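User: Hi! I keep meeting words like "buried" and "antiparallel" in descriptions of proteins. Could you show me how such words are earned, using one example?

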Amino acid sequence: MTTLKKLPQRWGDHELHLEVAHAAKKRYPQESIRIFEQEAERFINNRNRDSYSQAALCLREIREIYRQLNDAESWQKLITDIRDRHKRLPALQDELNQLKL
């Protein structure tokens, strides 16, 4: 994961980051959360419905990791922060609602 941090972020390299995040879920859950959160923010910044859907999927992965860690408080803090910061993006809010996030 140190190598992943050194790579420049480019448009379209989400797959590599998401693959690493998935692979890290069990052994490095906090690092996995960090990567999923970073990718969710990158998707949100694309400002289109498909990207909002992808961001919601990343956030669903984070919720599952927090559930495995029995850390509902951190999940609630994260999703509340994201919803508050992006409250003017109704399409994102809709995607989050569809996945019950």
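Analyst: Happily; let us take the terms one at a time. This is a predicted model, in which local features need pLDDT of at least 70, side-chain atom pairs count only at pLDDT 80 or more, and totals for chains, interfaces and linings use all residues. Residues are numbered from 1 along each chain as its sequence is written, and side-chain values use heavy atoms, with hydrogens and water left out.

User: How do you know how many helices and strands the protein chain has?

Analyst: Helices and strands are DSSP runs numbered from the N terminus: H or I with at least four residues for a helix, E with at least two for a strand. By that rule the protein chain has six helices and zero strands, in the order α-α-α-α-α-α from the N terminus.

User: Why is D50 called buried or exposed?

Analyst: The cut-offs are under 20% relative accessible area for buried, over 50% for exposed, and partly exposed in between (1.4 Å probe, protein chains only). D50 sits in helix α4 (residues 49–68). Its relative accessible area is 63%, so D50 is exposed.

User: And what makes E95 buried or exposed?

Analyst: E95, in helix α6, has a relative accessibility of 11%, so E95 counts as buried. The buried residues of α6 are A91, L92, Q93, E95 and L96, and what covers them includes α3, α4 and α5. Across the protein chain, buried residues make up 43% of the 101 residues.

User: Which residues does E95 touch?

Analyst: Contact means heavy atoms within 4.5 Å. Leaving out residues up to four places away in sequence, E95 touches R49, Y52, S53 and A56. As for D50, its C-alpha is 9.4 Å from that of E95, although the two are 45 residues apart in sequence.

User: Why are α4 and α6 called oblique?

Analyst: Two packed helices are described by the angle between their axes and the distance between the axes. Axes are lines fitted to C-alpha atoms, for helices over the stretch in contact, and angles run from 0 to 180 degrees between N-to-C directions. Under 35 degrees is roughly parallel, over 145 roughly antiparallel, 65 to 115 roughly perpendicular, and the rest oblique. The axes of α4 and α6 come within 9 Å and cross at roughly 40°, and therefore α4 and α6 are oblique to each other. The contact is made by R49, Y52, S53, A56 and L59 of α4 with A91, L92, D94, E95, L96 and Q98 of α6.

User: What makes α2 and α3 roughly parallel or roughly antiparallel?

Analyst: The axes of helix α2 (residues 14–24) and helix α3 (residues 29–45) come within 8 Å and cross at roughly 155°. That angle makes α2 roughly antiparallel to α3.

User: What counts as a nonpolar core, and which residues touch the most other members of the largest one?

Analyst: A nonpolar core is a set of buried Ala, Val, Leu, Ile, Met, Phe, Trp, Tyr and Cys residues joined through side-chain atoms within 4.5 Å. The largest nonpolar core has 25 residues, of which F36, I44, L59, I62, W75, L96 and L101 touch the most other members. Two or more residues each come from α2, α3, α4, α5 (72–85) and α6 (90–98), and α4 gives the most, with eight residues. In soluble globular proteins, nonpolar side chains tend to be buried together.
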